[in-house]
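Q: I am new to this structure and would like to learn how to read some of its features, one by one. Could you take me through them?

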Amino acid sequence: MSRPKFIRLLSDPRFTLAVWGVLLVLACLRVFHGSDAINNYLIFERSWDHLISGTDLYAYYPEEYHDHFLYGPLFAVLIAPLSLLPTWLGMWLWLTCGMGLMLLAVYALRDRLSGTKTAVFMWIVANEVYLALLMQQYNLYVAALLLLAFVCVEKDLPGLFALIIVVGLLTKIYGAMGILLFPFLNRKKEAVILGLTFFVVLILLPALLTKGGWTHLESLYRSWFETLVSKNGDNLYAGQQNLGLLGMVRKTLGLPPSFSDLYLMIPGGILLLLPLVRRAQYGSVAFRSLYLSSIALFTVLFCTGTESNTYIIGYIGIALWFAAYRTGGSLAEQILFWGALFFSFSTSDLLPHALRYDIIQPYALKALFPSLIWFYLIYRLLTYDFGSDTAGVQTPSRVGEVRRDAHYAA
């Protein structure tokens, strides 16, 4: 029996692409509605002027925008082409390029997300993409770069992989989380050599463009570090920040400031790294893909700077897992997925005001189901035999079992 026409439409990646295009247009229209709506972009745009004038990127400029610049000096260089344009045009290009980079990453994954799976992936992350666009967030770029780092591993592109990691590191620290995919690279030596070369060139590049030269750049890197440390303290109990697993535990249990997040981050980091000891599983694209999902979720869950719009990074992991690598729709997996999808709209007007502002946000409950999914993925990565089918059709089983699950397909 053929599927209803409506279902076929929803399953068509071309229709989903059109929906994403509508989301881009809506986001562009909304961000220009009021002057405060483009505050985040103004922070990005003005960073170039501050860099070339030799002023402190990390000082507070209330006459220009609210909040502080939190990105690396390299970011100010990369944003330069847009900073030279009228704000409205630069803003439009910033959002369009972010959406375009994400679409490029999804397209590059077509070997893993063919046909209907591409549409499912795009539907799952659609709300998070829209939220990131509304807030003009660099997190949309970070999410796309993480996916592209995985593509580089799969297509054996060590040079591009190294460049993505270095750019991520020098712009937003956790943008370099894709480095954890390094063990899956074939040409590791080439990646290391090129990575070190890119690092030296790009970390020094801003010195050629700022008035103060290397001396000023050195002070900027110190200021960046100090600003991030200060921001971390400010985030602990902030209503709009620390919305990951760290914040959920701290806020729901009412933990004091003296409680160190390292008590959670160290065990979490160990759990994240443990699957890498299973070298026999490296030949499986399912294993590699689910490890990518775990990296994406970890990035969001174990960071005090996580905002609601940061979840675009985590939800690409959820989308990849559910669209291509879940085991046939077990009840547990369905509950985890639909719970995560429900909380994806925790900042939307679709949910009652009291639920959003009195329950979900104060206790960072958007992290609840993504956290459960992350633990579930770690469990699977540690206990299942994924085989070594590099062609893409995976058949995992519990270690030691002969049975294979045919639903586990790329």
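Q: What span should the 16 residues of helix H18 have at 1.5 Å a residue, and how far apart are its end C-alpha atoms?
A: Helices here are DSSP runs (H or I, at least four residues; strands are E, at least two), numbered from the N terminus, and the expected span of a helix is 1.5 Å times one less than its number of residues. Helix H18, residues 368-383 of this predicted model, should therefore span 22 Å, and its end C-alpha atoms are 23 Å apart, which agrees. As for conventions, residues are numbered from 1 along each chain as its sequence is written. Because the model is predicted, local features need pLDDT of at least 70 and side-chain atom pairs count only at pLDDT 80 or more, while totals for chains, interfaces and linings use all residues; side-chain values use heavy atoms, with hydrogens and water left out.

Q: Which residues of H18 are buried, and what covers them?
A: A residue is called buried under 20% relative accessible area, exposed over 50% and partly exposed in between (1.4 Å probe, protein chains only). In H18 the buried residues include Phe369, Ile373, Trp374, Tyr376, Leu377 and Arg380. An α-helix has 3.6 residues a turn, so residues three or four places apart point the same way. The cover over the buried residues of H18, judged by contact (heavy atoms within 4.5 Å), includes helices H12, H13, H14, H15 and H16 and strand S1.

Q: Is Ala286 buried or exposed?
A: Ala286, which lies in helix H14, is buried, because its relative accessible area is 0%. The C-alpha atoms of Ala286 and Arg250 are separated by 34 Å, and the two residues are 36 apart along the chain.

Q: How does the span of helix H11 agree with the expected value, and what do its buried residues pack against?
A: The 23 residues of H11, 213-235, should span 33 Å, and the end C-alpha atoms are 32 Å apart, which agrees. Among the buried residues of H11 are His216, Leu220, Trp224 and Thr227, and the buried residues of this helix pack against H3, H4, H9 and H10.

Q: How should I read the confidence, and what is the mean pLDDT?
A: pLDDT is the predictor's confidence in each residue, from 0 to 100. The mean for this protein is 89, with 92% of its residues at 70 or more. Over residues 390-410, however, the pLDDT is below 50, although this stretch has 61 contacts in the model beyond near neighbours in sequence.
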